[in-house]
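Thanks for making the time this morning. I would like to walk you through one model, beginning with the overall character of a chain and then moving to individual side chains.

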Amino acid sequence: MMLDPPQKGDEIGNEYALELKGVSKQFGALNALSDINIRIKPGERRAVLGSNGAGKTTLFNCITGDFPPSAGKVLFFGEDVTEFPAHERIRRGLRRTYQISLLFNGLSVHDNVYLACRGVSRGRFSLRRPHPGDALVQAADGLIAIANLENVRDVMVSDLSYGQQRQLEIALALAGAPRLVLLDEPAAGLSPSERKELISILNRLPEHMGYVIIEHDMDVALRVADRVTMMHNGRIFKEGTPQEIENDPEVQALYLGGGHE
Amino acid sequence: MAQSDMNTSDTTRPDRSARLGGLIRQIPTRVWVVGFFLLLVPSFTGGFVQYQIFGWAFVLGLIALSLMFLGGYGGMVSLVQMTVAAVAGYSVAIFGTSGVSEISMGWPWYVAVIMAIVMGTLFCVATGALAVRTEGIYTIMITLAIASAFFYFTRQNYTVFNGFTGFNRVLPPPVFGIDWRAPTPFYYLSLFCAAAGYFAVLYVSRSPFGLVLQGVRDNPRRMAALGYSVNAHRIAAYAFSGVLASIGGILLVWSNGQISPGTASIGPVIDILVIAVIGGINRPIGAFIGALVYVLLRTYSLDFLEALNLSGERFKLLVGLGFLIIVYWSPDGICGLWERFGPKLKPRSARGREPGREPGREPGREPGREPEGGNDA
């Protein structure tokens, strides 16, 4: 499944896979993010929790380059990627999924994953049609297996269940050689059995592959993360292990309706 | 996104001849029928129909095809395609031979043709590099501005473009001893170029590059998140469309025997958009259908108006009226009409997805627009 050799910026010995230094984002008068400082080690699994409007997805957008931050720096494996366009960050091993599935409904599951594999490999401008023996086609099959979508490999995306579409989103994010994956509410709208399946997929990912997951469901987040970052009103207000966060009275108050001052 | 024809799923690696055979088998029967009909047209039509109707329609269709490729597959409506054709046309006159021997360099025809395609493509790429950062109406405005600038520049520049007069006696070379400007040879020459352009567009649209381009059209943000440079793919699409428009431009100047600023004035520039929209901007064949309708309207509307005791100079009124009627009844042009009513005319058992249908965008999805709600932090 891992297609590419280590990519640009893959210096050995970088202490942090992702480092945000004072990242802020303003939309007019609204401070969506204020002075965010986060450090994520290679292979670390981090959950980002927070209520609606806390700035979680905006944080992802600033990391991936969908929006440039208004202030601050984004370092990916020690390389300052703040000014880089989204596709350059992706080619360096950063991946993401979207809160609302952004898939190509007129293509089959396999063709969606194939496009994702081609996007992070050479030959993006190729005019040659692929064959079953091609490395990228086989890589796509490998990712489909990881996402447990073999039985719908040739089905149009528009015919998939919502849960399968979420699994396909994850398969797209795993194309190439990802070093850090940002998962934006992958469990949103899933049934309990589909959540179980998702947790199993995340726990089966190779140990060196870190991820940051935005999740409202504390049960899911605390079962798949090594550390948890709590956000509120565009700021980080708590960080710790899942147990520390779970037992924190302020977090409990915020999540159980007490509010946070 | 468009229906996939990549077929990565269930094919086995065939050898070259088997693959070619497979490609030929994919061509629908109706394309074979139309192909044979077009080959036989000179046997039952006169020079006027071959040259002024079909020849002109193939040339305009080729230029409109370049717009269709950008608009239909890339979501970029460019008004500069006729200008690209004119750049290629001027290049043939400047690098090759013409009646203006003080400017024309007199290079061999094949060098002049290659230079014309290169110059046209470079011009299209440069325009694309400026336009790809914009979308919708802004792309249209930028390309229209470039087209206008080129028109006025050629009209005022006498050193290179010979100003208002332009170049006359720009004729096709007598290759194999054939006068390619004679009706029947020109008919086959333009038919060959049009067919080659049509199949090239079909092939490219179904290649990985074509699929990526359609992905960029439907969801540029997602494609960037998969590692694709959205702008680079758009510029590459401009390059391909530039080659098509340049070939059309060379044929156009050979057909007319001359080129002047009027070839790329605002009227012809808009006409290419009208042709693409009349035929159906989402399908390659639409460019040629639109061109044929346009040429028929332009050729015969004058007689029609005079028969009604109206001024023949108002032929554009009929063209505009035809445009209005087609677009009102079918925003997807004549091809859209066929799509809407064609299946109803077929027997129930034969209905269903047609083989070889050109890929179009998802219903209800506008180019460049993304589903809402993806950003709510």
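What share of the 377 residues in chain B is made up of buried residues? The answer is 51%, and I should say at once that this is a predicted model, so please hear every value today as computed from predicted coordinates. The secondary structure of chain B comes to 14 helices and two strands, and among its contacts between residues at least 6 apart in sequence, 76% join residues at least 24 apart. Its accessible surface is about 17,200 Å², with 66% of that belonging to carbon and sulfur atoms.

On confidence, the mean pLDDT of chain B is 84, and 86% of its residues reach 70 or more. Two stretches call for caution: over residues 9–13 the pLDDT stays under 50, although the model has eight contacts there beyond four places in sequence, and over residues 352–377 the pLDDT is again below 50, with 67 contacts beyond near neighbours in sequence.

Let me turn to the salt bridges, of which the structure holds 18 over all chains. In one of them, B:Arg221 pairs with A:Asp66, the closest N and O atoms being 2.6 Å apart. B:Arg221 lies in helix 9 of chain B, and A:Asp66 in the loop between helix 1 and strand 4 of chain A, so this pair joins two chains. B:Arg221 is buried, with a relative accessible area of 15%, whereas A:Asp66, at 21%, is partly exposed.

Another salt bridge, at 2.8 Å from N to O, brings together the side chains of A:Glu169 and B:Arg222, and this pair also crosses between chains, from helix 5 of chain A to helix 9 of chain B. A:Glu169 is buried, with a relative accessible area of 1%, and B:Arg222 is likewise buried, with a value of 1%.

Within chain A, the side chains of A:Glu250 and A:Lys238 meet in a salt bridge of 2.7 Å, linking helix 9 of that chain to strand 10, with the two positions twelve residues apart in the numbering. A:Glu250 counts as partly exposed at 35% relative accessibility, as does A:Lys238 at 21%. Returning to A:Asp66 and B:Arg221, salt bridges that share partners join these two with A:Arg96 and A:Asp184 into one network.

Now to the surface, where a nonpolar patch of about 1,100 Å² is made by residues including A:Leu127, B:Trp32, B:Leu39 and B:Tyr203. Helices 1, 2 and 7 of chain B each supply at least two residues of the patch, and helix 2 gives the most, with six. B:Leu39 belongs to that helix and is partly exposed, with a relative accessible area of 43%.

Finally, some backbone geometry. Most residues other than glycine have a negative phi. A:Asp35, which is not a glycine, has a positive phi of about 50°; it is found in strand 2 of chain A and is partly exposed at 48% relative accessibility. B:Phe176 has a phi near 55°, lies in the loop between strand 1 and helix 7 of chain B, and is exposed, with a relative accessible area of 76%.

Key
Residues are numbered from 1 along each chain as its sequence is written. Chains are lettered from A and ligands numbered from 1 in the order in which they are written. This is a predicted model: local features need pLDDT of at least 70, side-chain atom pairs count only at pLDDT 80 or more; totals for chains, interfaces and linings use all residues. Side-chain values use heavy atoms; hydrogens and water are left out. Patches are made of residues with over 30% relative accessible area and no salt bridge: like charges are joined within 9 Å, nonpolar side chains (Val, Leu, Ile, Met, Phe, Trp, Tyr) within 5 Å. Accessible areas come from the Shrake-Rupley method with a 1.4 Å probe; for residues, only the protein chains shown count as cover. A salt bridge is a side-chain nitrogen of Lys or Arg within 4 Å of a carboxyl oxygen of Asp or Glu. Helices (H or I, at least four residues) and strands (E, at least two) are DSSP runs, numbered from the N terminus. Buried means under 20% relative accessible area, exposed over 50%, partly exposed in between (1.4 Å probe, protein chains only). Contact means heavy atoms within 4.5 Å. pLDDT is the predictor's confidence in each residue, from 0 to 100.
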